[in-house]
Amino acid sequence: MTAELLLNECETKMLKTIDAVKDKFTGIRAGRANISMLDMVRVDSYGSEVPLNQIGTVSAPEARLLVIDPWDKTMIAKIEKAILASNIGMTPNNDGRVIRLVLPELTAERRKEYVKLAKAEAENGKVAVRNIRKDINAHLKKLEKDKDNPMSEDDLKIAEGKVQTLTDKYVKEIDELLAKKEKEITTI
């Protein structure tokens, strides 16, 4: 493998880490209803676990309300059971046709907990980016010692510099995502 391929692999993996952090952030409540809050809810549908959005329409008609309109109305009890089991902090109410989830008002204490959770997810993302850097640098050092196609010491230093530049770029992006999420959570 060449240094160029390793650098491409490095950037691809770091971009995937950014996407993972974004996904984790969408699951953290910010006081407003967001249909992605239900992405982790899996419902037992005819013997298999399926995402909630595959058995009904999920919408957020108001700032603190989510509505689930199942295509098969006999699934309402199973959907309610799945929501309760997912520990998302909402109690489902149904009228026989749709399920309504009212988001409780976030207290200051709860907002602090969510900020702490967001910071932990951001730190996990940064650790993942740094681990990618470590792995790529280890591969680059192996390339330098490769007998068939050795890499010069100067080329190694240049490649490691590029890896560090990518690392800094994506750690900064995670910090920016965290700042945005923190503002979203603390804004009333």
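This is a guided tour of a predicted model, arranged as a series of selections to make in the viewer.

**The sheet**

Begin with strands S3, S4, S6 and S5, which in that order form an open sheet of four strands with antiparallel pairing. Strand S3 (56-62) and strand S5 (92-94) are the edge strands, each pairing on one side only. From one strand to the next, the twist averages 25 degrees.

Next, select S3 together with S4. The two strands run antiparallel and are joined by five bridges; they form a hairpin, with two residues between them. To see one position in this pairing, display Thr57, which stands opposite Asp69 in S4.

Keep S4 (residues 65-70) on display and add S6 (residues 99-102). Their pairing is also antiparallel, and it extends over four bridges. Two positions may be labelled here: Leu65 stands opposite Val102 in S6, and Val67 has Arg100 in S6 as its bridge partner. How far is S4 enclosed by the rest of the structure? Five of its six residues are buried, so the strand is largely enclosed.

**The helix on the sheet**

Now add helix H2 (residues 76-85). This helix packs on the sheet and touches S4, S5 and S6. The direction of H2 makes about 165 degrees with that of S5.

Within helix H2, select Ile83. Is Ile83 buried or exposed? Its relative accessible area is 1%, so Ile83 counts as buried. Apart from residues up to four places away in sequence, Ile83 touches Val41, Ile68, Ile88, Met90, Pro92, Ile99 and Leu101. Arg42 offers a further distance to check: Ile83 and Arg42 are 41 residues apart in sequence, and their C-alpha atoms are 8.2 Å apart in space.

**The first helix pair**

Turn to helix H1 (3-26) and helix H3 (108-145). Their axes come within 10 Å and cross at roughly 170 degrees. Since angles over 145 degrees count as roughly antiparallel, H1 is therefore roughly antiparallel to H3.

To view the contact, select residues on both sides. Those in H1 include Leu6, Cys10, Met14, Thr17, Val21 and Phe25, and those in H3 include Ala122, Gly125, Val129, Ile132, Ile136 and Leu140. The residues of the contact of H1 with H3 divide into 14 nonpolar, three polar and five charged.

Thr17, in helix H1, merits a separate selection. Thr17 counts as buried, at 10% relative accessibility. Leaving aside neighbours within four places in sequence, Thr17 is in contact with Gly125, Ala128, Val129 and Ile132.

**The second helix pair**

Hide H3 and show helix H4 (153-186) beside H1. H1 and H4 pack at an angle of about 10 degrees, with their axes 10 Å apart. The two helices are therefore roughly parallel to each other.

On the H1 side of this contact, residues to display include Leu7, Cys10, Met14, Leu15, Ile18 and Phe25; on the H4 side they include Val163, Leu166, Tyr170, Ile174, Leu177 and Leu178. By class, the contact of H1 with H4 has 15 nonpolar, one polar and six charged residues.

**The cores**

Show H1, H3 and H4 at once to examine the interior. In soluble globular proteins, nonpolar side chains tend to be buried together. The largest nonpolar core in this model has 30 residues. Which of these touch the most other members? They are Cys10, Met14, Phe25, Ile136, Leu140 and Met151. Helices H1, H3 and H4 each supply at least two residues of this core. H4 provides the largest share, ten residues. Apart from this core lies another, of 21 residues, among them Ala33, Leu52, Ile76 and Ile83. Ile83, visited earlier in helix H2, thus brings the tour back to a residue already on display.

Finish at Met14. Not counting residues up to four places away in sequence, Met14 touches Val129, Ile132, Arg133, Leu166, Thr167 and Tyr170. Of these, Val129, Ile132 and Arg133 are among the H3 residues that meet H1, whereas Leu166, Thr167 and Tyr170 are among the H4 residues that meet H1.

Note on methods
Residues are numbered from 1 along each chain as its sequence is written. This is a predicted model: local features need pLDDT of at least 70, side-chain atom pairs count only at pLDDT 80 or more; totals for chains, interfaces and linings use all residues. Side-chain values use heavy atoms; hydrogens and water are left out. Two strands pair if DSSP finds at least two bridges between them. Axes are lines fitted to C-alpha atoms, for helices over the stretch in contact, and angles run from 0 to 180 degrees between N-to-C directions. Contact means heavy atoms within 4.5 Å. A nonpolar core is a set of buried Ala, Val, Leu, Ile, Met, Phe, Trp, Tyr and Cys residues joined through side-chain atoms within 4.5 Å. Buried means under 20% relative accessible area, exposed over 50%, partly exposed in between (1.4 Å probe, protein chains only). Angles under 35 degrees count as roughly parallel, over 145 as roughly antiparallel, 65 to 115 as roughly perpendicular and the rest as oblique. Ala, Val, Leu, Ile, Met, Phe, Trp, Tyr, Cys and Pro count as nonpolar, Asp, Glu, Lys and Arg as charged, and the others, Gly among them, as polar.
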